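Thanks for making the time this morning. I would like to walk through one model with you, starting from a single residue and working outwards to the whole chain.

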Amino acid sequence: MPRRKRQDEPGTLHHVTNRGIAKRTVFERVEDVRYFLSRVAHAVRRGEIRVHAYNCVTTHFHMFLESPRGELAKAMRRIQGEYSRHFNRRRKRDGPLYRRRYHSKVVDSVTYQDNLVRYIDANAVEAGLVAKPEWHVSSSARSYVRGEGTPWLTCDLVEARAAERCSAPAFRPELYAIAFKPKLSPGHEEWILKRLAAGEGPPDPLDDLISAAPPKVLAWMRRKAALADGTEIGMPLVPWQAVEAGLQPVLPDLRAIKRRDCRGCTTDDIARAGLLRELGCLSYARIADLAACSETAAKYRVRRHRGLLRTSPEYGELVAIAAHHALSCIR
C-alpha cells in the first residue's frame, strides 16, 4: 500500500514525534541531545522549519514545528539521518535507530495547539525525569519560564498565546506556567496520541465547537450521527475524562428520562457511550472497557444515543449541554 502523502503547505504547523526502534533509548547522554538539537538548529537556520516547542526524553522526542516553505520532510530526513549516523558511529553499531518514519500531525486548531504545548512539556514530568517542566534542560519550557533564550526557538506564537490566555497585555516569563500548566490526566496522553495517529483529514472543528452554543453543538452531533456508519471513528475532540466531567451537571435530568427497551442500562449510560464515541472517538472496545460492559452493549448504547438524538428533543438538549461542558474542559 503506498504511503499517504503528508499535508505540508507553506506556513503549516505540525506536531512531530518519533521514538527508538524496539523501545530502545535514543538519547543516552547529554552530548546526544546537544547534537540532535544542533541538527534542528541547522534546519532552522536553513529556513526549513521554525520550532515553537520541543522536548527530548530518553526514548523519543516531540516538537511543535512550523514549515515556512513546505519542506518538513526534507528537514526531518536530514535531522534524523545525521543524528542516526552520529549515534551509531559513537557506539560502533549499525542499523536503524528509529521505530519508523517520523509521525506528524497538522495543528490547525488553537485549542489543540494549547494542549499540545502542555503535552510536550508534561513528557519529562510523566517520565519521572523532573518535577516541573522548566527543570528539564532538553525542553523549550526552560527557555520560556527562565528566559534563557534558545537562539533558534521561535517564541512569538507561544508567548502571545500565554499572554492572551492570562489576559495580560504582554508576555512575562511567569505567565507561561500559568497558561500552559501540564495536564497529566491518564486520558490526556491518549487523546493527543489518537489525534496524532488519525492522520490528515477535514479541518479540525475543535475551535468552532468550543465557541458554539449548545444548540449548534446538537446540530453538529445530529449531522455526525446521520453520517455515521459504525466504522469510521474520526478525530477525537476531547479526552474521555472531559466527557465524564461534562455529564455531571445534567446527570439527574438524564436519569429522569424514562425510556423503554434500554437492556438494563440507564439513559446516562447511553449518553456517556454516545459522547465517548462522538466526541472522544473511542473504539467500541475502549468504550466497553470504560463502561465496564461488553462490546456488544457498547455498540447498542451508541445506536440508542443516535436514535434518541433524532427522536427525543429533551435528550438532545441535555446531551448538547453535556457536550458543551466537555468541550469547555479542554480550553
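**From one loop to the whole chain**

Let me begin with Leu-97, which sits in the loop that runs between helix α2, residues 72-91, and strand β4, residues 103-106. Please keep in mind throughout that this is a predicted model. Is Leu-97 buried or exposed? Leu-97 counts as buried, because its relative accessibility is 1%, and the cut-off for that word is under 20%. If we set aside the neighbours within four places in sequence, the contacts of Leu-97 include Arg-19, Gly-20, Ile-21, Arg-24, Thr-25 and Val-26, and they also take in Tyr-83, Ser-84 and Phe-87. As a distance for orientation, the C-alpha atoms of Leu-97 and Asp-207 are 37 Å apart in space, with the two positions 110 residues apart in sequence.

A second loop residue to look at is His-136, placed between α3, residues 110-126, and α4, residues 140-146. His-136 is likewise in the buried class, at 9% relative accessibility. Which residues is His-136 in contact with, once its neighbours within four places in sequence are left aside? They are Asn-55, Cys-56 and Val-57, together with Ala-124, Leu-129, Val-130 and Arg-142.

For a contrast, please turn to Ile-178, which belongs to helix α6, residues 173-179. Ile-178 counts as exposed, since its relative accessibility is 59% and the class begins over 50%. Its C-alpha atom is separated by 7.5 Å from that of Cys-166, a residue twelve places away along the chain.

Now to the backbone, where two residues that are not glycines nevertheless have a positive phi. Cys-281 has a phi of about 50°, and it is found in the loop between α12, residues 267-278, and α13, residues 284-291. Ala-292, with a phi of about 55°, lies in the loop that leads from α13 to α14, residues 295-311. As for their surroundings, Cys-281 is buried at a relative accessible area of 0%, whereas Ala-292 is exposed at 72%.

The cysteines deserve a careful word of their own. How many disulfides does the count come to? The count comes to zero. Taking Cys-293 as an example, the closest cysteine sulfur is that of Cys-265, and at 8.5 Å it is too far away for a bond, given that a disulfide needs the two sulfur atoms within 2.5 Å. Cys-265 is buried, with a relative accessible area of 9%, and Cys-293 also counts as buried, at 19%.

Finally, let me step back to the protein as a whole, which contains 15 helices and four strands. Its radius of gyration is 22 Å, which agrees with the value near 20 Å that a compact globule of 331 residues would have. Along the principal axes, the C-alpha atoms fill a box of roughly 70 × 50 × 35 Å. Of the 331 residues, 51% count as buried, and of the contacts between residues at least 6 apart in sequence, 74% join residues at least 24 apart. The exposed area is about 15800 Å², of which carbon and sulfur atoms supply 52%. On the electrostatic side, there are 57 positive and 38 negative charges, and their mean positions are 4 Å apart.

Note on methods
Residues are numbered from 1 along each chain as its sequence is written. This is a predicted model: local features need pLDDT of at least 70, side-chain atom pairs count only at pLDDT 80 or more; totals for chains, interfaces and linings use all residues. Side-chain values use heavy atoms; hydrogens and water are left out. The radius of gyration is taken over C-alpha atoms; the globule rule is 2.2 Å times the number of residues to the power 0.38. Buried means under 20% relative accessible area, exposed over 50%, partly exposed in between (1.4 Å probe, protein chains only). Contact means heavy atoms within 4.5 Å. Accessible areas come from the Shrake-Rupley method with a 1.4 Å probe; for residues, only the protein chains shown count as cover. Lys and Arg count as positive and Asp and Glu as negative; His and the chain ends are not counted. The place of a charge is taken as NZ of Lys, CZ of Arg, CG of Asp or CD of Glu.
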